[in-house]
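Me: Could you walk me through this model, one question at a time? I'd like the reasoning along with each answer.

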Amino acid sequence: MLTYFDETISQMESIRFLNRNLKLINELTSKTHFTREEVQNLCIIHYKLTKEGGPLNYRKFREVAHRLFDISGAELYDKIYNRFDPNRAMHVNLENWVLGLSILLRGSLREKINYCWKVYDLYGTGYVTRELMFQYMKNSIIKTSAGEDANEVVKDLVDVILKKMDIDRDGKLSYTDYKTSVLRNPMLLESLGPVLPPRPFVLAFLTTFTTNYDKA
């Protein structure tokens, strides 16, 4: 249970915290899709999360990501965490918390394409191979109908995705293949597995710090 997420702080403590981070708040307002007030509120949430329990490390961030955004897939979670801790500081700092949420909650299609690809490109090779796609698809399938071979179902799914997205027909997906395909058909954004929070979770989290739901 996220007891530290429920911690309350006084108005004076909030003001002192925001004043200490005034420069960063100004920078984040100009660099993200959030208003100044929204940035301040997200900073306060991060402060509450870390006030009692310490830095937002790998374990704690995973708990937060699962509770707030329904993100928990073990096979891709490491890469999702790395998007929030790009400098390998072993925790998600205030700046990267807001920058990451800007993409997850209000990112443009191109921003989400870049984010998703960096998660899918598990080994940083610049390609997603047929074998890696098979791994993603297999982990995404909960169960198949009785008598149906799960591996065959996954192979069929991989074939379908490659047929749709492997533009240069080299048997694997490159960033160019992926970006071009998703720009043509945004429904393919998470074709290799869920790495973005479902919309109901996005809207639920937005209610905790803003009334601008239409921008999600």
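Me: Thanks! Is Glu-13 buried or exposed?
Reply: Happy to help; a word on the model comes first. This is a predicted model, where local features need pLDDT of at least 70, side-chain atom pairs count only at pLDDT 80 or more, and totals for chains, interfaces and linings use all residues. Residues are numbered from 1 along each chain as its sequence is written, and side-chain values use heavy atoms, with hydrogens and water left out. Buried means under 20% relative accessible area, exposed over 50% and partly exposed in between (1.4 Å probe, protein chains only); since Glu-13 has a relative accessible area of 17%, Glu-13 is buried.

Me: Which residues does Glu-13 touch, leaving out those up to four places away in sequence?
Reply: Glu-13 is found in helix 1; helices (H or I, at least four residues) and strands (E, at least two) are DSSP runs, numbered from the N terminus. A contact means heavy atoms within 4.5 Å. With sequence neighbours up to four places away set aside, the residues touched by Glu-13 are Tyr-47 and Lys-51.

Me: How far apart are the end C-alpha atoms of helix 3?
Reply: The expected span of a helix is 1.5 Å times one less than its number of residues. Helix 3 has 16 residues, so it should span 22 Å, and this agrees with the distance between its end C-alpha atoms, 22 Å.

Me: What is the relative accessible area of Lys-48?
Reply: Lys-48 lies in helix 3 (residues 36–51), where the buried residues include Tyr-47 and Leu-49. Lys-48 itself is partly exposed because its relative accessible area is 24%.

Me: Which ring does Arg-62 lie over?
Reply: A charge sits over a ring if NZ of Lys or CZ of Arg is within 6 Å of the ring centre and within 35 degrees of the ring normal. Arg-62 is 4.8 Å from the ring centre, over the face of Tyr-77.

Me: Where does Lys-172 lie?
Reply: Here too a charge meets a ring face, with 4.0 Å from Lys-172 to the ring centre. Lys-172 lies over the face of Tyr-127.

Me: Which helix has the highest mean pLDDT among the elements of the chain?
Reply: pLDDT is the predictor's confidence in each residue, from 0 to 100. The chain's mean is 88, with 90% of its residues at 70 or more. Among the elements, helix 5 (residues 74–84) has the lowest mean, 82, while the highest, 98, belongs to helix 10 (residues 175–184).
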